[in-house]
Amino acid sequence: MNYDIEKNIHYLQLLSKSFPNVATASSEIINLSAIMNLPKGTEHFLADIHGEHEAFLHVLKNASGRISQKVDQIFGEYMPHQAKKDLCTLIYYPEQKLELVKAEFSQHQSSDVQLSEWYRMTLYQLVEVFRVISSKYTRSKIRKNLPEEYSYILEELLQERTEDDNKAAYVNNIIDTIISTDSADDFITALANVIQRLAIDQLHLLGDIYDRGPGAHIIMDKLMNYHSWDIQWGNHDILWMGACAGNDACICNVIRLSLRYANLMTLEDGYGINLMPLATFAMETYGNDPCEAFKPRLNSENKDRFDEKTLRLMAMMHKAISVLQFKAEAQLIKRNPVWKMDDRCMFSRVDFNDGTCDIDGKRYKMLDMNFPTVNPANPDVFTKEEELLMAKLHHSFRVSEKLQRHIRTILSHGCMYAIYNDNLLFHASVPLNEDGTLKEVEIMPGVFASGHVLMHRIGMLVRSAFANDTPQEEKDYARDYFLYLWCGKDSCLFDKSKMATFERYFLAEKETHEEKKGYFFQLRGNEATAEKMANTILDAFGVKGENRHIINGHVPVHVKKGESPIKANGKIMVIDGGFSEPYHKETGIAGYTLVYHSREFELVQHEPFTNIEDAVREGRDIKSKTQIVATTGRRLLVADTDRGRELKKQVDDLRMLLYAYRHGFIKEVK
């Protein structure tokens with residue numbers, strides 16, 4: 001092969017610092033070539049978790065049912081069904097399960113002997129599961145995932161087997177010593193965590209970690225230390241990102257949604273947001289208002305948690321923050337005429353004399369006209385009391401260290417879209433024209449873009465709101481733009497005619513509540529147009545390959561009505577199955593996981609998760625149905641992936657370095 005060594009000499013000299021001679025370069029070529037012939041790692045795709053931390057964490061622990069499948073494959077009919085369930089529960093929740101096991105054995109006279117035998121048997125079983133789960137990884141990668149305190153022992157157990165007569169006593173002695181030194185509990189916990197970790201090679205989150213459920217902050221705590229994940233921002237994530245950046249309209253929306261679902265845990269317990277000023281203001285302003293439209297929506301988890309007095313306070317706070325929201329939104333809309341959202345300045349559309357609201361040229365009777373803080377002559381201006389309240393809420397979001405840290409993590413792990421292994425990932429949509437062509441969207445005055453350029457520029461604009469070196473004018477606009485991303489007509493994260501929040505609160509007519517979906521959603525739902533539309537988008541984003549797909553979420557799939565998550569003849573996979581409980585009645589299920597391993601795509605359909613206590617005590621797992629939705633035709637190797645293409649380029653560069661060494665362009669260092 002002919003190499004242009006002189007053109008690449010500076011790069012090769014840098015490369016030679018890491019590989020100073022023929023031996024080290026050759027060794028790395030052998031290593032990388034071997035890695036490329038391993039099976040492709042398993043990718044898991046989840047969307048729209050919406051704060052349901054227990055269900056989310058359980059899905060991670062059981063790898064969407066993959067660990068249970070592996071246990072069944074390994075032990076088959078040789079292990080009773082209940083024993084396999086118990087082993088899986090131990091892998092998912094080792095600390096809690098160990099406490100139950102020890103409590104059961106303590107009731108027997110020979111408990112120490114029985115417990116030692118249980119430890120011995122269980123350790124052998126866990127080591128076998130560990131071997132199978134880790135079989136597609138290099139020893140180097142496995143070593144990086146092992147807990148430091150047990151890495152040497154785990155490596156030995158991984159490599160040596162009792163079937164080898166020369167090693168049987170050695171392996172048995174390791175197990176016996178673990179038990180005799182009272183290290184079994186810690187070792188089992190460490191081993192279970194390694195199995196969980198290796199079962200998922202890459203986690204893809206297609207947006208909406210936040211809102212509705214109680215534990216978005218707990219999910220973020222987990223992700224802060226998770227080994228390999230990425231996120232494509234969702235509209236609810238963007239809302240919290242805007243609040244974190246200091247967008248007052250986003251702050252109001254975040255608080256309003258939390259009150260709507262009687263979920264203040266993330267705000268107060270998670271991020272320390274002080275809602276006392278809002279509560280005080282609400283009682284003073286709406287103390288005599290029934291606030292009927294603002295009563296919280298309760299679910300099975302929180303319906304018995306609150307007394308009537310607390311629910312009444314929440315309703316008053318809900319109305320107070322909603323009025324602030326509509327004012328704050330109107331202020332941003334008027335400041336940014338490029339958005340063309342004047343029709344969403346809702347208080348300006350209300351006739352305070354006859355109690356009606358103008359929607360698309362038609363007048364509707366308002367259900368509620370008690371607005372003591374709204375001046376009909378200038379309805380979008382805060383009162384002095386509201387201005388003071390807004391300043392306090394703004395300060396609380398800006399100084400929440402944990403919120404700032406979590407949002408920075410979301411920024412560093414994601415953007416508006418991503419392409420992984422010929423799959424295009426985004427949360428909601430790509431703005432389109434009626435004929436399915438890409439729509440040019442005005443991001444800022446005079447700046448238009450479509451497709452991947454649009455998403456890229458939006459991603460950069462979002463980041464500029466958090467960058468210290470952003471010019472102030474640009475930073476101010478970027479901070480405002482979070483509201484457009486949340487509810488703007490041509491937003492990639494919304495793509496509807498309007499967000500009818502005001503209408504749902506104050507107008508009875510259902511026709512005013514309609515939020516007409518954009519052309520991406522309309523064309524996706526029509527099999528005659530869906531595949532052509534999908535190919536147009538994939539081509540525009542430069543996604544190649546025979547098995548290319550669009551994977552997204554945002555709109556729940558109504559399974560119980562017969563809707564399929566697989567659209568466009570398999571080109572589009574919609575994996576919002578409704579993790580959040582408010583969606584369960586709509587969808588008929590409790591979430592999807594899409595699993596992409598070396599042979600096929602599997603769509604795992606989950607039923608509702610009860611709770612951790614039931615999962616541990618009764619061995620209850622999330623009941624799941626698995627559907628094969630696409631096959632690759634052959635087993636994919638690392639060489640077939642994005643990572644493989646990177647490794648091949650590295651091998652090519654190392655071969656060029658070998659040539660440079662052997663022909664005297666660069667001197668070896670022995």
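1. Helices, meaning DSSP runs of H or I with at least four residues, are numbered here from the N terminus, as are strands. In those terms, C291 lies in the loop that separates α16 from α17. The structure discussed in this note is a predicted model.

2. C291 deserves a remark on its backbone. Its phi is positive, at about 50°, although the residue is not a glycine. C291 is also buried, its relative accessible area being 1%.

3. A second residue may be read alongside C291. D422, likewise not a glycine, has a positive phi near 70°. D422 sits in the loop between β8 (417-420) and β9 (423-426). Is D422 buried or partly exposed? D422 is partly exposed, because its relative accessible area is 23% and buried status requires a value under 20%.

4. Helix α16 spans residues 276-286, and its buried residues are P277, L278, A279, F281, A282 and Y286. Against which helices do the buried residues of α16 pack? Their partners are α14 (248-260), α17 (308-335) and α18 (384-398).

5. The next point concerns a pair of helices. Two packed helices are described by the angle between their axes and by the distance between those axes. For helix α13 (residues 235-245) and helix α19 (residues 401-413), the axes come within 10 Å and cross at roughly 130°. The crossing angle therefore makes α13 oblique to α19. The handedness of this crossing is left-handed.

6. Which residues of α13 meet α19? They are W240, M241 and C244, and on the side of α19 the residues met are L403, Q404, I407, I410 and L411. By class, the residues of this contact comprise 7 nonpolar, 1 polar and no charged. An α-helix has 3.6 residues a turn, so residues three or four places apart point the same way.

7. The last point is T356, which belongs to strand β5 (residues 356-359). T356 counts as buried because its relative accessible area is 10%, whereas the cut-off for buried is under 20%. The side chain of T356 takes part in polar contacts with two other side chains: that of D354, at 2.7 Å, and that of R363, at 2.9 Å. When neighbours within four places in sequence are set aside, T356 is in contact with R349, V350, D351, R363, Y364, K365 and M366. R363 thus appears both in this list of contacts and as a polar partner of the T356 side chain.

Note on methods:
Residues numbered from 1 in each chain as written. Predicted model: local features only at pLDDT ≥ 70, side-chain atom pairs only at ≥ 80, totals over all residues. Heavy atoms only, no water. Axes fitted to C-alpha atoms, helices over the stretch in contact; angles between N-to-C directions. Helix = DSSP H or I, 4+ residues; strand = E, 2+ residues; numbered from the N terminus. Parallel < 35°, antiparallel > 145°, perpendicular 65-115°, else oblique. Left-handed = near helix turned anticlockwise from the far one by under 90°. Contact = heavy atoms within 4.5 Å. Nonpolar A, V, L, I, M, F, W, Y, C, P; charged D, E, K, R; others polar. Buried < 20%, exposed > 50% of the residue type's maximum accessible area, 1.4 Å probe, protein only. Polar contact = N/O pair within 3.5 Å; in protein donor to acceptor, adjacent residues only side chain to side chain.
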